[in-house]
Amino acid sequence: MINLLTEALPYSISVCGINYPINTDFRIWIQIEEILSSDFSAADKLLKCYSLIFASKVIPSSVDETLSSIMNFLSPFYNTGGGKKAAKNNEPLFDFAFDSGLIYAAFLSQYSIDLTSDHLHWWRFLSLFYSLSPCKFTEVVRIRSTSLSDIGDKTQKSYIRKMKKLYRIPASSGSISSEIDKLF
């Protein structure tokens, strides 16, 4: 793991002792997450990811080590998936595409960063993303993560149930970690 306070951000991944330049913009890595949780075949996912990630279009020869390096870059601070699933019900807490407006507003409001035009290294984006102060986006994530079984008051439980329905993320094809397992 890298210390963001004392080390430079990486702009390459190491595979079999060779450093391969990669695209580090957060938009690319959000697309990677979307591809990995899509219905594409494992081979198509791999091709699509490789075409986005490798800046020089030179592809490492070891698929397993490349995928391992990609996953380390994708989730540098947390386990694969970055806390995207609620522990009890395994429902998604956020989705970059579905929640894009809320995420955009949160970054603009809190950091004065316009995600539609500013370049951010993926790791810088993740650091800021997981540190968002209370806002509409974090409120929605909190509601999604609330377990109805932990609420005793019927009125509060009814309210949270309605809010969970309002903010529910449409069904997806599967978690990123399960899709990664299919690639190995």
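Among contacts in the protein chain of this predicted model between residues at least 6 apart in sequence, 63% join residues at least 24 apart. The chain holds 184 residues, of which 41% are buried. Its accessible surface amounts to about 10200 Å², and carbon and sulfur atoms account for 55% of that area. In secondary structure, 2 strands and 8 helices were identified. Their order along the sequence is β-β-α-α-α-α-α-α-α-α, with both strands preceding the helices.

The two strands were examined as a pair. Strand 1, residues 12-15, runs antiparallel to strand 2, residues 18-21, and the two are joined by 4 bridges. Within this pairing, Ser-14 lies opposite Asn-19 of strand 2. Together the strands form a hairpin, with 2 residues between them. Cys-16 belongs to the turn and has a positive phi of about 55 degrees. The two faces of strand 1 can also be told apart: Ile-13 and Val-15 occupy the covered face, whereas Ser-12 and Ser-14 occupy the uncovered one. In a regular strand, side chains alternate between the two faces of the sheet.

Attention then turned to the interior of the chain. In soluble globular proteins, nonpolar side chains tend to be buried together. In the present model, the largest nonpolar core contains 42 residues. Trp-29, Phe-107, Trp-122, Phe-125 and Phe-129 are the residues with the most contacts inside this core. At least two core residues are supplied by each of the following elements: strand 1, helix 1 (26-36), helix 2 (42-53), helix 3 (63-74), helix 4 (100-111), helix 5 (122-129) and helix 6 (136-145). Helix 1 gives the most, with 7 residues.

The surroundings of Trp-122 were described in further detail. When residues up to four places away in sequence are not counted, Trp-122 touches Thr-24, Asp-25, Phe-26, Trp-29, Ile-30, Glu-33, Phe-73, Leu-74 and Phe-96.

A second position, Ala-106, is found in helix 4. Its relative accessibility is 4%, and Ala-106 therefore counts as buried, the cut-off being under 20%. With residues up to four places away in sequence left out, Ala-106 touches Tyr-111, Leu-132 and Cys-135. The C-alpha atoms of Ala-106 and Pro-134 are separated by 9.0 Å, although these residues are 28 residues apart along the chain.

Charged side chains were considered last. A search of the whole structure gave 2 salt bridges. One of them is formed by the side chains of Asp-25 and Arg-27, with an N to O distance of 2.9 Å. Asp-25 has a relative accessible area of 12% and is therefore buried. Arg-27, by contrast, counts as partly exposed because its relative accessibility is 28%. Asp-25 also appears among the residues touched by Trp-122.

Another salt bridge is formed between Asp-99 and Arg-144, whose closest N and O atoms are 2.7 Å apart. This pair links distant parts of the chain, since Asp-99 lies in the loop between helix 3 and helix 4, while Arg-144 lies in helix 6, 45 residues apart. Asp-99 is buried, with a relative accessible area of 2%, and Arg-144 is buried as well, with a relative accessible area of 5%.

Notes:
Residues numbered from 1 in each chain as written. Predicted model: local features only at pLDDT ≥ 70, side-chain atom pairs only at ≥ 80, totals over all residues. Heavy atoms only, no water. Buried < 20%, exposed > 50% of the residue type's maximum accessible area, 1.4 Å probe, protein only. Contact = heavy atoms within 4.5 Å. Areas by Shrake-Rupley, 256 points an atom, 1.4 Å probe, with all protein chains shown as cover. Pairing = 2+ DSSP bridges. Core = buried A, V, L, I, M, F, W, Y, C linked by side-chain atoms within 4.5 Å. Salt bridge = Lys/Arg side-chain N within 4 Å of Asp/Glu carboxyl O.
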